[in-house]
Amino acid sequence: MQDYNYVWADCFEITLELSCCKYPMASQLQQEWEYNRESLLTFIEKVHMGVKGFVRDSVTGSGLANATIAVAGIDHNITAGRFGDYHRLLVPGTYNITAAVVGYVPMTVEHIEVKEGAATGVDFSLQPTVLVPVPDPTPAAASPAPGSATNATATAKAASPTSLHQPLQPEDFRHHHFPDMEIFLRRYASEYTNITRLYSVGKSVEQRELYVMEISDNPGVHEPGEPEFKYIGNMHGNEVIGRELLLNLIDYLCKNFGTDPEVTELVLNTRIHIMPSMNPDGYEKSQEGDRSSTVGRNNSNNYDLNRNFPDQFLPTTDPLQPETLAVMNWLRAFPFVLSANLHGGSLVVNYPFDDDEKGIAIYSKSPDDGVFQQLALSYSKENTQMYQGSPCKDMYPNEYFPHGITNGAHWYNVQGGMQDWNYLNTNCFEVTIELGCVKYPNAEDLPKYWEQNHRSLLQFIKQVHQGVKGFVLDATAGRGISNATISVADIDHPVTSYKAGDYWRLLVPGSYKITASARGYNPLTKTVTVGNRGAVQVNFTLSRTDSKVEEGKLPVITNEDTSDPSAKEFETLIKDLSAENGLEHLVLTSSMDVSPYRYRPYKDLSDFLRALNLNYPQITNLTNLGHSVEYRQMWSLEISNKPNQSEPEEPKIRFVAGIHGNAPVGTELLLALAEFLCMNYKKNAAITKLIDRTRIVIVPSLNPDGREIAQERDCTSKTGQTNAHGKDLDTDFTSNFSSYSGIGEPETKAIIENLILKRDFSLSVALDGGSLLVTYPYDKPVQTVENKETLRHLASLYANNHPSMHLGQPGCKNESDKNIPGGVIRGAEWHSHLGSMKDFSVTFGHCPEITVYTSCCYFPSAGQLPSLWTENKKSLLSMLVEVHKGVHGFVQDKSGKPVSKAVIVLNEGVRVYTKEGGYFHVLLAPGLHNISATAEGYQQKHVLVQVHHDAASSVVIVFDMDNRIFGLQRELVVTVAGATMSALVLTACIIWCVCSIKSNRHKDGFHRLRQHNDDYEDEIRMMSTGSKKSLLSHEFQDETDTEEETLYSSKH
């Protein structure tokens, strides 16, 4: 390797033998570090020795890439980098060095003295062998600084026929390969910082950034009430006109902001996002001059990105590509209103729908067909050639588009197109614009395309300000209502409000009945007249549906008033992440991401978890829950800011996977999630706060034995599904708590004892395979499901954050999966069985659990893992956010003493118990819920709690001592008891006195008889004896025997 580096690269490499022993004991590593530390640092410092500098064009001053740097007397040359930069290692001495590049006169600098220490700087300025005319710098000098209000000298065509001002036009027309485009974008982002922000929404297959340039007067911020617009270019890599036009548009908007009224108004009132290239990999394979081929059309995995989006009529069978997933997540992250997708190969504006149920070329009308026609015409009218409708006569002589627009499916059928996905899955209206008959025209033709299209590009952006706009507000609090639904009568296409309650709805001029509705509020309808001069402002103020229910009844608790700034800050974070695009923004702003690329067998999995624990000891704790039949350990990784301490006030969530060993996708997703969280701790503010306030437990493999025998690419095989005893572990969780001790499988027993019966989890998410849906309890057949609304809400939350799961069409070979509304179904309605883990978790662990089926194939190829991670990442993170909602409570007595083990009954059904310190936490669907709290020795408490979709409701329950005995007031019971005791004592005294008197009287009478009447002694003795006998006989008479004897006598 060292020779290869030296000969074929510009790199000097040596090989270090560091130790006689190849694999020394771990105890010796510290000593080895001491031996080598200074040497390693000193060696790094040597990179700065020798000479360094730049090789530049003497006329333009630009760097000359790949220039050759030769040192006289040393037969080893190096080359300059792409900016003309070079660095040549040399020992101290005097040298003659020459720089040369094709097309330039070589230059030699003699007697260069190289000293010990820092490199000597030597720059080369080479003369071109053929001089080219230098562009006149005057227009550039006249170009205003960003934000300048001064007028510039007109150098191009006027902005509009009625304007005397002539905006500055782009001057640099060329094809930009990726490095060139990247530098262009960075330059404009750095020069126009007041109105631009450069960001990436993801990476291509070949790891090129998918850049977006934001242009706004407040870049990086969504301003409530301001619509968001986007352009996407170069979706097909060899269709390049859109890519270059969008770079020209960036130049145009930046240079004319503050001087041109049209541009300034657009930037001040619109947040514009421009993605020049969605398929940078395909572009690099394309060739200039290509008229109609498909070379470079697809991405590097050879998939057509405009056939790769989930389709409304037929399932998309191709795996979603990184570029597709990145754009889908991007579209969910911003409240886009209007968009255009720029293509090449024809000259027409194409609008939804792109396909139909039959898959044939037929007009496929969307509910907003009139709006789409107006949008398409706004572009084509400004492009004379396009508007004529017969663009490519030499290539397609019979093709005609009236006024330069067409319905997509009417032209030809496209399944899996991006514009339909935009319209059906977001609030964004998108059209597809074909910009020219030639896909990759020569660079000299590019000015012509700008001339033909730049008015259209501006006019189309303006259409984002048509229709209606406004806010949906809470009548009580006055705050905006996020995710409210805005529907228009007779148009089956609602849109939703954004975080601040702001919304936009594109409409053609006319009169409409518009209704705003939101969960927990009374809907409101207004009649609105829409004109053609900007959007009409229509605000909706909604009242709560429960306002009457609350009057005169139990106290309704919403959120506990807290003065803790960190708590308020975290509450704001949860609200932001719960907004429609909050999670997409979190994903996009994560500083680090992971890309799972292979499956890990048991040993690798164990090593990976240990490595996470060793590298992030401050936030992780690795424990062994138990062992499998074949004695493989079942690992549990806890992620928290205090992983070894009890924090009962924090919600606890568990993620488990691998209960079926033949479905290991979930295992890899959880390993990716663990690494993603650890890598972003202290780097991403949102993830750091989530970890600081959540106890996250990850159990990646419940059935390690089955996983070891399962085979990759086995999509339907059951090999490895069961444990080593042949038992399906998801049928081994007993439904009868009394028989728990009889559970035979060690894996099941470990999960029950060390996870479920701890009863300190608020939510559990189990990952499995074999379909693309989410199930919620119960798996066993039951007539009623307690807390069904909440369980379904949790399942829907996961599905809705997945790009295709919520569509409810997994497309698996199993026909039972053909149509699952919303991608969510109760377990028993899908595959009913007894002894499931989630049923046991709900019944005995008092923890709701959902099961996520991540893919139709049990064990897909490792190549699909990156896309599976991208698809599920947002859903997994949504669970971390959701666990902070519902109701957080604290139970105490009047003295402030926490009451643990109190029973919390929800809606007269589900029960949970307070933890150590009196804390409890329960997840509930948004709405009004009845909570009862009981504890021994205390009076029962009842409260009504309003649960919101974007925040937890906090409640403090204060118990009174129980003043009721046998259902009666304590004071009454004590009074009655005292009176009864007094009566009993008085009665006893009276009886004692009477008995005493009688006893004395008997004694005195007998004494006189014996003394004066001796003659009667025998008679008296006989009478006394008879009397005692009679008394004894009556006192001990056996009534049972008497009854039996009577019965016996009567029978005979």
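## Nonpolar cores

In this predicted model, the largest nonpolar core comprises 72 residues, of which F655, L677 and I850 touch the most other members. The element that gives the most to this core is helix α18 (residues 665–680), with eleven residues. A second, separate core holds 58 residues, including M181, I195, I272 and L506.

The surroundings of I850 can be listed in full. Not counting residues up to four places away in sequence, I850 touches S764, V765, A766, V774, T775, Y776, L791, L794, A795, Y798 and M879.

## Strand β28 and its two partners

Strand β28 (residues 652–657) is mostly covered, with six of its six residues buried. Both of its faces are covered: K652, R654 and V656 lie on one side, while I653, F655 and A657 lie on the other. F655 is also one of the residues that touch the most other members of the largest nonpolar core.

β28 pairs in the parallel sense with strand β29 (residues 695–699) over five bridges, and V656 stands opposite V699 of β29. Five bridges also join β28 to strand β30 (residues 763–768), and these two strands run parallel. In that pairing, A657 stands opposite L767 of β30.

## The eight-stranded sheet

An open sheet of eight strands follows the order β9-β10-β12-β11-β13-β16-β14-β15, and its pairing is mixed. Strands β9 (196–203) and β15 (405–407) stand at the edges; each has a single partner strand, so one side of each is left without a neighbour in the sheet. On average, neighbouring strands of this sheet are turned by 25° against each other, direction ignored.

Within the sheet, strand β13 (residues 336–343) and strand β16 (residues 429–436) run parallel and are joined by six bridges. S339 stands opposite E430 in β16. Helix α13 (residues 446–462) packs on the sheet, where it touches β11 (228–233), β12 (271–275), β13 and β16. The direction of α13 makes about 150° with that of β11.

## R271, a buried arginine in β12

R271 is placed in strand β12. Its relative accessibility is 4%, and R271 therefore counts as buried, the cut-off being under 20%. The side chain of R271 makes a polar contact of 2.8 Å with the side chain of E214. A further polar contact, of 2.9 Å, joins the side chains of R271 and E228.

Leaving aside neighbours within four places in sequence, R271 is in contact with R197, E214, I215, S216, G220, V221, H222, E226, P227, E228, F229 and F334.

## Packing of helices α9 and α13

Two packed helices are described by the angle between their axes and the distance between the axes. For helix α9 (residues 369–380) and α13, the axes come within 7 Å and cross at roughly 150°. The contact is made by L375, S378 and Y379 of α9 together with N453, S456, L457, Q459 and F460 of α13. By class, this contact has four nonpolar, four polar and no charged residues.

## Helix α16

Helix α16 (residues 582–589) is mostly covered, as six of its eight residues are buried. The buried residues are G582, L583, E584, L586, V587 and L588. Their cover includes β9, α8 (322–333), α15 (565–578), α19 (685–692) and α25 (865–882). Of these elements, β9 is also an edge strand of the eight-stranded sheet.

How values were computed: Residues numbered from 1 in each chain as written. Predicted model: local features only at pLDDT ≥ 70, side-chain atom pairs only at ≥ 80, totals over all residues. Heavy atoms only, no water. Buried < 20%, exposed > 50% of the residue type's maximum accessible area, 1.4 Å probe, protein only. Helix = DSSP H or I, 4+ residues; strand = E, 2+ residues; numbered from the N terminus. Pairing = 2+ DSSP bridges. Axes fitted to C-alpha atoms, helices over the stretch in contact; angles between N-to-C directions. Contact = heavy atoms within 4.5 Å. Polar contact = N/O pair within 3.5 Å; in protein donor to acceptor, adjacent residues only side chain to side chain. Nonpolar A, V, L, I, M, F, W, Y, C, P; charged D, E, K, R; others polar. Core = buried A, V, L, I, M, F, W, Y, C linked by side-chain atoms within 4.5 Å.
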